[in-house]
Amino acid sequence: MGESLAFVSWSSPWAVATAGLFGAVWGSFFNVAIVRVPRGESIVRPGSRCPSCGAPVRALDNIPLLSYLALRGRCRSCRAPISARYPLVEALAALLAAALWWKFVAADPTQALGVRLARFACYFAFGGLLLVLGFIDLATRLLPDAITLPAIPILFLSAFGAHGASWLARLIGAAAGYLFFRLIADFYYYVLKREGLGLGDGKLLAVIGVALGWKALPLVVFAGAILGSLISIPIVLATRRGRGGPESLRDVQVPFGPFLALGALVYLFAGRAILAFTGGAWL
């Protein structure tokens with residue numbers, strides 16, 4: 001009876017909603033990182049300010065999602081528009097946290113509670129990292145070493161608590177992820193004499209490999225390529241009609257990092273089911 005009541009408590013809608021609120025609060029911090037890390041600025045100081053007038057953001061104006069709606073998307077001081085990216089990142093972080101809580105805490109009562117909470121913490125940190133890197137890549141076409149390089153050892157150590165892939169599978173995943181993109185980049189540079197995929201993508205795939213293990217990499221890359229194509233092809237069709245538009249996919253520069261991040265989330269939530277359905281054909 002005690003076990004049953006404990007499970008109902010941790011899997012209740014209130015618990016999932018609380019996890020979502022937790023994610024939204026972290027989403028506010030993710031927005032700070034998305035803006036400041038590419039500039040080489042501190043993510044701690046100074047406090048949040050309006051990018052237009054420099055006025056400090058008051059505490060009541062910094063409530064995730066609600067403040068944006070209350071202010072109608074404008075700065076209280078100068079009425080300059082606030083980017084819709086802020087509530088979008090907060091909403092995505094909330095959705096991510098709620099989904100992770102449901103999958104790894106609420107819906108898995110066979111595991112010890114400590115293991116379930118460790119999985120939630122580890123995978124939320126990993127998912128938040130993917131969210132930040134994806135939006136940075138969209139804005140700057142860069143994947144900062146200041147995030148990817150420290151993330152590799154941190155995720156390697158923290159993933160022990162998640163009881164997922166073995167330490168060896170994660171080490172191989174980190175090495176294989178980087179080398180895969182390094183070989184492609186070198187092929188483009190030395191053979192085709194043009195810039196191909198950036199090494200930042202390799203470091204991101206190393207981050208994914210060290211968190212999920214090497215078995216995740218084929219599916220992550222495949223899913224990322226499919227999603228990337230679904231975005232790139234409409235861009236080509238739309239811009240080709242305009243003056244100076246690209247003639248083919250090879251002339252379109254679309255950052256691959258966000259699609260690798262989406263591919264990693266596909267594996268995180270459905271990878272085992274996909275591998276079981278395909279009989280391990282990805283390996």
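Is Phe-160 buried, partly exposed or exposed? Phe-160 counts as partly exposed, at 42% relative accessibility; buried denotes under 20% relative accessible area, exposed over 50%, and partly exposed the range in between (1.4 Å probe, protein chains only).

The model is predicted: local features need pLDDT of at least 70 and side-chain atom pairs count only at pLDDT 80 or more, while totals for chains, interfaces and linings use all residues. Residues are numbered from 1 along each chain as its sequence is written, and side-chain values use heavy atoms, with hydrogens and water left out.

**The whole chain**

Begin with the protein chain, which comprises 10 helices and 0 strands. Helices (H or I, at least four residues) and strands (E, at least two) are DSSP runs, numbered from the N terminus. Of the 283 residues in the chain, 41% are buried.

**Around Phe-160**

Select Phe-156 together with Phe-160: the two rings form an edge-to-face aromatic pair, 5.3 Å centre to centre, with 75° between the planes. Rings of Phe, Tyr and Trp (its six-membered ring) pair if their centres lie within 6.5 Å; planes under 30 degrees apart are stacked, over 60 edge-to-face, and the rest tilted. Phe-156 is buried, with a relative accessible area of 17%. Next, add Arg-170, whose charged end sits over the ring of Phe-160 at 4.6 Å from its centre. This term requires NZ of Lys or CZ of Arg within 6 Å of the ring centre and within 35 degrees of the ring normal.

**The nonpolar patch**

Extend the selection to Leu-157, Phe-160, Trp-167, Leu-168, Leu-171, Ile-172 and Trp-214, which form a nonpolar surface patch with about 690 Å² of accessible area together. Patch residues have over 30% relative accessible area and no salt bridge; nonpolar side chains (Val, Leu, Ile, Met, Phe, Trp, Tyr) are joined within 5 Å, and like charges within 9 Å. A salt bridge is a side-chain nitrogen of Lys or Arg within 4 Å of a carboxyl oxygen of Asp or Glu. Helix H7 (residues 167–191) supplies the largest share of the patch, 4 residues. Leu-157 belongs to helix H6 (residues 145–158) and is exposed, at 58% relative accessibility.

**Helix H5 and the aromatic cluster**

Now select residues 113–140, helix H5: its 28 residues reach 40 Å from first C-alpha to last, close to the 40 Å expected, where the expected span is 1.5 Å times one less than the number of residues. Arg-141, just after H5, takes a positive phi of about 60°. Finally, display Phe-22, Trp-26, Phe-29, Phe-30, Trp-101, Phe-120 and Phe-124, which form one aromatic cluster.

How values were computed. Accessible areas come from the Shrake-Rupley method with a 1.4 Å probe; for residues, only the protein chains shown count as cover.
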